[in-house]
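Visitor: I am new to this structure. Could you show it to me and explain the terms used for it?

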Amino acid sequence: MAKKPLNIGMIGYGFMGRAHSNAYRQVSQFFDLEYRPVLRAACARDANKVKAFADTWGYESTETDWRKLIARKDIDAIDVCTPNNVHREICEAAAAAGKIILCEKPLAMNGEEGRAMVAAVEAAKVPNIVWYNYRRVPAVTFAKQLIDSGKLGRVFHYRAKFLQDWTISPDLPQGGAGLWRLDVGAAGSGVTGDLLAHCIDTAIWLNGRIDSVSAMTETFVKQRPHTLTGKVEPVGIDDACAFLARFDNGSLATFESTRYARGHKALYTFEINGEHASIAWDLHDLHRLSWFDHRDEGPLRGWRSIHVTDGEHPYMNKWWVPGLQIGYEHTFTHQVADFLEGLATGKPAGPTFRDALDTQDVCDAVLASAKSQQWTPVAR
Ligand code: SOE
């Protein structure tokens, strides 16, 4: 059967523009879906750079004004890969124009903006999703299946961290392409919205909603030259953040993130301790899931390292043969596949904007708690 085209308009061409474009290009070769993404147009302010990006990834045309892209009749879906401070404006305009929206994480600068964005997509009834890609690492999806099947029993503890080391040098500027994550005006926050947001999204997905938090943050380098103004300016982001949390299900959690952990590039890990079993996962070894089951026979009891590459593991029968692993970029392909499946079946894949608002609300509570030095309830 001929596939239905889904015409993509991509806004932005950085790291995520590349990751998403790669996913659109791969998905139809590996997943048998009713819809087929078509790379119709790429959009960014710099005409030469967006042309080069479009040529590399196979976009048919370019725009330098996102409003023109959204107005185009030949575009079905808008993919927002811009810095966080323009997510809201673009998503609201795209929703008003009736476009499907795929928005890069975090959803917004804060919960207030996120709420307005949820209202916009729900009023317009446009399909929407936020790119929290780590849910779709096969080992993480497998962890979800194990938890949902009840194999862990009651959950007592959730522990997550996301460590990097790329901002330690005080000479590193803030702002502009590539470095907007250091500029609070463009990013909204530092590691909380950029890295902990991933940990929080996965945690809510696996273990349910978070009720309250107690956090601390630090900005180790207090001022940096700004790429756009050329002046040395105060740094407004959190360089590091650690917080305690209580989940609705009664379990306790610790979360930690920093960009000052020398030696760590993208060390995202989580561990969950339940009544019968524990699960642990590590992004640096992303195809393995560690599993300890107390119900195993006494002398043989111990941590198993499951190579999540068998045909019966999530997503894996779409790729190569059992035992051959896949990687980071495939998580985006899985997200596109699930999103397209959701379009076809009418059962939307998550996280929708509404799901991602929960993460945004936890981030807000974390930042508020760090400021007030008080336990803080998460807004609902
Ligand atoms: C920051 O360095 C970053 O690229 C995040 O923005 C991504 O979301 C994360 O997956 C990896 O690190």
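Guide: This is a predicted model, and the questions below take up its helices, domains and ligand.

Visitor: Why is α6 called roughly parallel to α8?
Guide: The axes of α6 (residues 138–148) and α8 (residues 191–207) cross at roughly 30 degrees. Angles under 35 degrees count as roughly parallel, so α6 is roughly parallel to α8. The two axes come within 9 Å.

Visitor: Which residues make the contact of α6 with α8?
Guide: From α6 there are Val-140, Ala-143, Lys-144 and Ile-147, and from α8 there are Thr-202, Trp-205 and Leu-206. By class, this contact has 5 nonpolar, 1 polar and 1 charged residues. Lys counts as charged, so Lys-144 of α6 is the charged one.

Visitor: How do you know that domain 1 touches domain 2?
Guide: Two residues are in contact if their C-beta atoms lie within 7 Å. On that basis, 38 residues of domain 1 (4–133) are in contact with 39 residues of domain 2 (136–377). The centres of the two domains, taken over C-alpha atoms, are separated by 23 Å.

Visitor: What makes up the side of domain 1 that touches domain 2?
Guide: At least two residues each come from α1 (15–30), β2 (35–43), α5 (111–124) and β6 (128–131). With 8 residues, α1 gives the most. The residues of this side divide into 24 nonpolar, 11 polar and 3 charged.

Visitor: Which residues are around the ligand?
Guide: They are Phe-15, Gln-164, Arg-181, Asp-194, His-198 and Ala-266. The shell has 2 nonpolar, 2 polar and 2 charged residues. Asp and Arg count as charged, so Arg-181 and Asp-194 are the charged pair.

Notes
Residues are numbered from 1 along each chain as its sequence is written. This is a predicted model: local features need pLDDT of at least 70, side-chain atom pairs count only at pLDDT 80 or more; totals for chains, interfaces and linings use all residues. A residue is near a molecule or strand if its C-beta atom, placed from the backbone, lies within 6 Å of it. Domain bounds come from an automatic or database domain assignment. Helices (H or I, at least four residues) and strands (E, at least two) are DSSP runs, numbered from the N terminus. Axes are lines fitted to C-alpha atoms, for helices over the stretch in contact, and angles run from 0 to 180 degrees between N-to-C directions. Angles under 35 degrees count as roughly parallel, over 145 as roughly antiparallel, 65 to 115 as roughly perpendicular and the rest as oblique.
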